[in-house]
Amino acid sequence: MLTLHCPNCGVHADETDLHAEGEAHLKRFGPNSTDDDFHDYMFQRQNPKGVHFERWKHVYGCGKYFLAARCTATLEVFGTYAAQTHEPPQAIKDAITAKRPGWSWGDFS
Amino acid sequence: MSNAVSTLQGKVANGEVTVSEGGLRGMITFRGDLANAKLKSVCKSLTGFAVPERGKASSNGDKGVAWMSPDELLILVPHAETKAAIEAIAKAMNGQHYLAENVSDARTHLKVEGRYAREVVAKLAPADLHPDSFHVGDFRRTRLGQIAAAFWMTDDQTFEVICFRSVGGYAFDLLAASAKAGPVGHF
């Protein structure tokens, strides 16, 4: 069972209270971008085995988005944080480093 | 104006834990900046309660206020006063960025009362309702079975539950079945 702490309403929400909203920290390429950039934004995902960053929506609760750092192989959750961030907070990165030294994900490590 | 009728017209399922439909209840979805002084004062004047802290609700009889999300409150007033309450909000919030919508007739209000009311609800929701974790005054939006619902406790043996009107019958039957099945004895 996966439970995530919603940083918006402070609830430890069960997976069934939430909706997975795909990968976190996507940079959007919209109108006037190149086809390659748009293609990558639209289709290319990290899809790692291990440390991953995801967007979740507390759909049965407060209805707000948040981001979560977890391990796709073990379901271990390293932490959750506000969706209004461009990269994971240092505390989250530190928590991951403590458990998974040498991790990297996209531009983050 | 049309004659307002509550979802189940006061249906009751008696038992050691009684599930009843609470009848017509005035409910207003009130969104805005919860730190806004005007929002705070109109909330207080309508319900008698201050804006609750995160995850809390205050209620007394037909009046109350619940924290729905970081920018949303649920205002509870007697059904007949809903229109006047929205007008009062409009007057107080004039010029501010806000939303106030009468959702009274889009909702069903249920009551679960009895010795093991806590377990009746806990069996249906993926929420920690242990007496050490969920107290009188706490408010939780979550699931009951297959539907979205919210509930809070007004005393140690009473839950107030709200859900969408379209699934009010399901919620009532679900809670009544859970009550009939008896306590688990976990808490």
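**Exercise 1. The contact between the chains**

State how many residues the contact takes from chain A and from chain B, and how the chain A side divides by residue type.

Solution. The model is predicted. Step one: chain A supplies 13 residues to the contact, and chain B supplies eleven residues. Step two: on the side of chain A that touches chain B, four residues are nonpolar, six are polar and three are charged.

**Exercise 2. The pairing of strand S3 of chain B**

Find which strands pair with S3(B), in which sense, and over how many bridges.

Solution. Step one: S3 of chain B spans residues 26-32 and runs antiparallel to S6 of chain B, residues 72-77, with six bridges joining the two. Within this pair, B:Leu74 of S6(B) lies opposite B:Thr29. Step two: S3(B) also pairs with S7 of chain B, residues 98-102, again antiparallel, through five bridges. Here B:Arg31 has B:Leu99 in S7(B) as its bridge partner.

**Exercise 3. The largest nonpolar core**

Describe the largest nonpolar core: how many residues has it, which of them have the most contacts inside it, and which helix gives the most to it?

Solution. Step one: the core has 71 residues, and B:Leu73, B:Ile75, B:Val112, B:Val121 and B:Leu175 have the most contacts inside it. Step two: helix H4 of chain B, residues 168-180, gives the most, namely six residues. Step three: domain 1 (12-22 + 106-179) and domain 2 (26-105) of chain B each contribute at least three residues to this core. Step four: take B:Val112 and leave out residues up to four places away in sequence; its contacts are then B:Val17, B:Val19, B:Ala117, B:Val120, B:Val121, B:Phe159, B:Val161 and B:Leu175.

Conventions:
Residues numbered from 1 in each chain as written. Chains lettered and ligands numbered in written order. Predicted model: local features only at pLDDT ≥ 70, side-chain atom pairs only at ≥ 80, totals over all residues. Pairing = 2+ DSSP bridges. Helix = DSSP H or I, 4+ residues; strand = E, 2+ residues; numbered from the N terminus. Core = buried A, V, L, I, M, F, W, Y, C linked by C-beta atoms within 7 Å. Buried ≥ 20, exposed ≤ 12 C-beta atoms within 10 Å, placed from the backbone. Domains from an automatic or database assignment. Contact = placed C-beta atoms within 7 Å. Nonpolar A, V, L, I, M, F, W, Y, C, P; charged D, E, K, R; others polar.
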